[in-house]
Amino acid sequence: MSVLATNYLTPTGREEAWRFTPLSRFAGLHDGTSVISSVESLIARDALPAGVTASRISRELVSSVSQSEDVIVQRVHAEAETMFHLQIAPSIELSEPIHLKRKQMQVGQAELSRVRITVGQGARAIVIVENDGEVILGEDIEIILEQNSYLKFVTLQEWSAHSVYAARHHAIIDRDATFESVTVTVGGSLVRILPTVEFKAPGSSAELLGVYFATAGQHFEHRIHVDHAVPKAKSRVNYKGALSGNEAHTVWIGDVLIRAAAEGTDTYELNRNLLLSDGARADSVPNLEIETGEIVGAGHASTTGRFDDEQLFYLMSRGVPMDEARRLVVRGFFAEIISHINDEAIQERLMVGIDGELAKVGE
Amino acid sequence: MSTLNIRGLEVSVITEKGHIEILRGVDLTISSGETHAIMGPNGSGKSTLAYSIAGHPKYTITGGSVTLDGANVLEMTVDERARAGLFLAMQYPVEVPGVSVSNFLRTAATAIRGEAPKLRTWVGEVKEAMTALNMDPAFSERNVNEGFSGGEKKRHEIMQLELLKPKIAILDETDSGLDVDALRIVSEGVVRAKEANNLGVLLITHYTRILRYIKPDFVHVFANGRIVEEGGPELADKLEEKGYAEYVGA
């Protein structure tokens, strides 16, 4: 039990940031009533290549690089005993992805996990985090891209049915550095991720991609926040989701802030949701706040709807049966994002999973 | 030898204003090897006829019958109609994001033929069809109709016609939006499909120029939701000269 819990402002559900989240299913992560285990689940899957190190640093020795108003992040910063630090040395160019995965947790106990990934100046890397198993996990991942570096950061949320995962995936991007993320959420009872971006210098760019597929009873929430505080940074956001089954609920919030200093900003965000059955609910809230008119471009789009009848008609008019036509359309819908994951086995696994979920939709 | 038999076909669309009757009793018989041109002014119901035969959910059949070799087409689902041997080349082919042309064609061929085509022969078949239609091989890696020019969309439709080998094909204003060269290439594809498979063709058009390449055996003038005059190829010449004025408001 956390002794520090009372220091935080426990969300009630009335706050803007929490109004969609079913706190009763949060397993006490938000109010400190969860039992914190000593297991530190995140590990490297394979031996790390030259120039890459992973270590655990005691809390007292960890420097602060970012702030957050999110109570989960605050708890992680204050209470996680150690921080997992993945460091990619400057100028290293890795052709193969670095895979991180989870050790089995103690069922019923929670973990507060603090993670930092540092990509050194001029380095290029791909990191894939494969999240599975049954967890109650609060996590903060700070991703630091030094000047002129590149990171593709893929996270797969394939948690088992009762899992609760609340996290921030926060990128801090320096001059001329490029961050790409692919966030896949297909498993868990309650998943709430804050993919956030902070630009530190001009020339930095971020592309946030995501897919989610929620079935009966699952709550998947992605709250993007892109903070354009410096000139000439570029951001792209594209999240696509499908929902099927009773009380499948997804929330997508796309907050993009263009501050007065951020002249020359170029940003576009997009969220598309495909409702595959009755009883599911997709909330989609793009939110663009612009404090300067001196920008290259800023836009957003959000759509939520059922199958496009014209697409199905076109495919079926070529002899393709309804089920197969739907499968093609949904696969195509997700392929745009999933094709960005640099691992064919993972791509195939996700597509098979999507086919499986789709087969259950029936009709 | 196949025959598509349309008898007394009546079709409505349901809008906010209620039922709107579009087809008012269409009679038409198309057999293998025949080319029928349906010509008529815009808004006469030509496209409605095409989409109703293909089974588009927007249209409600309120009377009449459509049979293919005696089988009741109107009771079939859209995909069953295609597998029975009907094909509709659309005026506005639909974009399907994330689905490549090659995947789409193979899925369609598998559905129509009842088994997956052997990979080696299939690749050759597709290549041949693309070459014949003067299409870039890179085309097959693009997403279905996404970002295609008007001409590319029509070539893609006719490529499917050649690969899927239907018994009866309905071409809905396949000539619209094509320049002279594209019109010739696309028309040659239709003629090839006709000769290869003894295809029956129902060619829907507003203009006579495509008929220089695809010679009709029969010409039907369509106005106000029904056929108002029928004849041989000479009827097209008359329409070229005099237009549709005498049929409109009839």
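The legends below describe close-up views of a helix in chain B and of a pocket lined by residues of chain A in a predicted model.

**View 1. Helix α6 of chain B.** This helix covers residues 180-197 (helices are DSSP runs of H or I, at least four residues, and strands are runs of E, at least two, numbered from the N terminus). Its 18 residues reach 26 Å from first to last C-alpha, close to the 26 Å expected (1.5 Å times one less than the number of residues).

**View 2. The two ends of α6(B).** At the start, a side-chain oxygen of Asp179(B) comes to within 3.2 Å of the backbone nitrogen of Asp181(B). Just after the helix, Asn198(B) has a positive phi of about 55°.

**View 3. The buried residues of α6(B).** Among those buried (under 20% relative accessible area, 1.4 Å probe, protein chains only) are Leu183(B), Val186(B) and Val190(B). An α-helix has 3.6 residues a turn, so residues three or four places apart point the same way. The buried residues of α6(B) pack against β3, α4, α5, β9 and β10 of chain B.

**View 4. The largest pocket.** Its volume is about 930 Å³, the space filled by probe spheres set on the grid points. Of its 33 lining residues, Ala17(A), Ser68(A), Glu69(A), Asp70(A) and His225(A) lie nearest the centre (lining residues have an atom within 4 Å of a point). β11(A) supplies the largest share, five residues.

**Notes.** Residues are numbered from 1 along each chain, and chains are lettered from A in the order written. Local features need pLDDT of at least 70, side-chain atom pairs count only at 80 or more, and side-chain values use heavy atoms.

Note on methods:
Buried < 20%, exposed > 50% of the residue type's maximum accessible area, 1.4 Å probe, protein only. Contact = heavy atoms within 4.5 Å. Polar contact = N/O pair within 3.5 Å; in protein donor to acceptor, adjacent residues only side chain to side chain. 1 Å grid on protein atoms, 1.4 Å probe; cavity = no way out; pocket = protein on both sides within 12 Å on 5 of 7 lines; lining within 4 Å.
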